[in-house]
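Dear colleague,

Please find below the structure that I am handing over to you. My notes on it follow directly after.

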Amino acid sequence: MASIRELHTQLICKERSAVEITQEALDRIQLLEPQLHSFLCVTAEQALDQARQVDAKIAAGEEIDLLAGIPIGIKDNMCTKGIRTTCASKILENFVPPYESTVTQKLKAAGAVMVGKTNLDEFAMGSSTENSAYQVTANPWDVSRVPGGSSGGSASAVAAQECVVALGSDTGGSIRQPASFCGVVGMKPTYGLVSRYGLVAFASSLDQIGPFGRTVEDTAILLNAIAGYDPNDATSLKVQIPDYLKALQPDLQPRGRIKIGVIKETFGEGLDPVVEQTITKAIDQLQTLGAEIHVVSCPRFRYGLPTYYIIAPSEASANLARYDGVKYGIRVPDAENLLDMYKKTRAAGFGAEVKRRIMLGTYALSAGYYDAYYLKAQKVRTLIKQDFENAFKQVDVLVCPTAPTTAFKAGEKTEDPLSMYLGDLMTIPVSLAGLPGMSIPCGFDESGLPIGLQLIGKVLREDQLFQVAYAYEQSTPWHLRSPQIKSAANP
Ligand code: GLN
C-alpha cells in the first residue's frame, strides 16, 4: 500500500477511488490473515460504506481530509459503536459498545476507513500478543516469531500493509516495542495529549493511545488527527496542538543544533550485541546529520520495571473490578448466588496473565502492604521522573534501544513471565514519567529481523521527536524494506 500522501493524491486526482483503495486493503487482509492473524475482526462492509461516502464527497467536489479514504486498523481495546470490542478477552466476548471512543470518532469524522479491529494481549497485558484469548498474531518478518505486544495486531498489520496506519495503546511500551519488533514507526504521545475516552482501561495513570505507520510522515498525520483536548477525559490536556507535519524537515540543523542524549544505563548487560551495535550506528548517523551527542545518566531508570509491576497491576486490579458478570460481557449461568456468579464469571472470563495481575495488584493495595509496595512505588516513580527532568536540562531528546532484543520465537517466553516482563525495561520508565516516546526502524539483525531506536522527548515535545525521526529516516534505507510474507498464493 502506498503512503497516506500518495493515496491522497491519487484520490483527489481521481486516479483511484476510495473503494478501490479499501478493496486493496481487504484483499491483502484476506490473503495474509491465514498466516498473520493480526485482526480479531474485519469490518469489510462498514469499510466499503465509509469509502463510498468519501468517493461521493470527491465526486461532489468537496475538499477531503488527508486521512479520508485511508485504510486503518484499530486495536480492539478502543470502543467502536455497534462493533464488538473484546480487548482480546473472553469476558468481553459479546460486548458491543453503545458509544464510540473519541479517537475513532475523530478518525471517522476525517473520513478514515476502519478495516478492522486488531489483536492484542488480553486487556493490553503482555509483550507478545500471545495473551490474546482468541489467536496468536505472527510477526510478518518471520511468522514463527511474535510481533511484540500488546499492540501486536496493529504493528503486524501495518508492517504487512494490511492497512496503511493503525492505532495502538501503550501503558508500558505496547506501541513502541511491537513497532520495534515489526520494523514500523510507533509513537506513545505525552500522557494526556490523546483522549482515553472509550479506551478500555488497564492502568489509567499510564494508558495512552498512539499511532503506528510505516513512515514518520504517516505517523505524524495520524497523530495530528487524534491529538487534542477532550472534555470526556479528565486527564486530557488543554493545550494548543501544533501541526506535527511542520516538524518534518530533512535537515536537523536549521533550528539550531539539536542536542541528543544517549542514556548510559540502557547499554551493557542484557542488551543483545547486535542491537547495541545497530543503535550505536544510528547515534553516529544522528551526529552526521548535525545533532550534538551527549552521554547522560538516568540512574533510577532500572527501577522502572519493578515500580511499574506494582503500579500497573494495582490500577488494573481496580479497573477490572467492573467485570462482574452484571454490567458488561459474559455471565456464567449456573451460579448459586451473587458471589458465586462473580467468582465463576471472572474465573471463566479472565486469562492467566490478567488473573496474575489482579492478584498482584490486590495484594499491593491491601491494607497491610499499601505503604510498603504501592506508596513506595509511587515515590520511586517521582524519582524516575526527576532523572528525566535532569537529563532534559542538558539535552532536547533522549535516545536508547526500544527493546533489548529483536522479536523472539512464539512460545519462547510464555512459561516465564519474568523474562517476558524484562523486555519492557527500556520503554517503561518513559511511561512512568508520562513523556512522549517513539520507536523508529534503525536496522536489521543477521536473521533479517528489525531493530528499533527509541526517541524520548520532553513533555509535549512530540514535534522534536518527529524532527529527529524524520531526518534520520530520510537519510537511511530501513523504512524502504518490506517483509516477504509467505502465503498460499505466494509460497
Ligand atoms: N508489556 C507491558 C505489560 O505487559 C506493557 C503493556 C502495555 O503497554 N499495555 O504490562
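Is Lys344 buried, partly exposed or exposed? With a relative accessibility of 30%, Lys344 counts as partly exposed, because that class lies between the limits of 20% and 50%. Please note that the model is a predicted one, and that the values below are computed from it.

Salt bridges

Lys344 has a partner in Asp340: their side chains form a salt bridge, with an N to O distance of 3.0 Å. Both residues belong to helix H10 (residues 338-349), where they are four residues apart, about one turn of the helix. Asp340 falls in another class from that of Lys344, since a relative accessibility of 16% makes Asp340 buried, whereas Lys344 is partly exposed at 30%.

In helix H3 (residues 44-59), Asp49 and Arg52 are three residues apart, again about one turn of the helix. These two residues are joined by a salt bridge whose closest N and O atoms are 2.7 Å apart. Arg52 is partly exposed at 44% relative accessibility, and Asp49 is likewise partly exposed, at 42%.

A further pair is found in helix H11 (residues 352-365). Because Glu353 and Arg357 are four residues apart in that helix, about one helical turn separates them. Their side chains meet in a salt bridge at 2.7 Å, N to O. Both partners are buried: Arg357 has a relative accessibility of 2%, and Glu353 has a relative accessible area of 10%. This pair does not stand alone, as Arg356 joins Glu353 and Arg357 in a network of salt bridges.

The total for the model is 16 salt bridges; the pairs described above are among them.

Strand E6 and its partners

Strand E6 (residues 208-213) has six residues, and six of the six are buried, so the strand is largely enclosed by the rest of the structure.

Two pairings of this strand may be of use to you. Strand E4 (residues 165-170) runs antiparallel to E6 and is joined to it by six bridges. Within this pairing, Ala166 stands opposite Phe212 of E6. Strand E5 (residues 185-188) also pairs with E6 in the antiparallel sense, here over two bridges. In that case Val185 is the residue that stands opposite Gly213 of E6.

With kind regards

Conventions: Residues are numbered from 1 along each chain as its sequence is written. This is a predicted model: local features need pLDDT of at least 70, side-chain atom pairs count only at pLDDT 80 or more; totals for chains, interfaces and linings use all residues. Side-chain values use heavy atoms; hydrogens and water are left out. Buried means under 20% relative accessible area, exposed over 50%, partly exposed in between (1.4 Å probe, protein chains only). Two strands pair if DSSP finds at least two bridges between them. A salt bridge is a side-chain nitrogen of Lys or Arg within 4 Å of a carboxyl oxygen of Asp or Glu.
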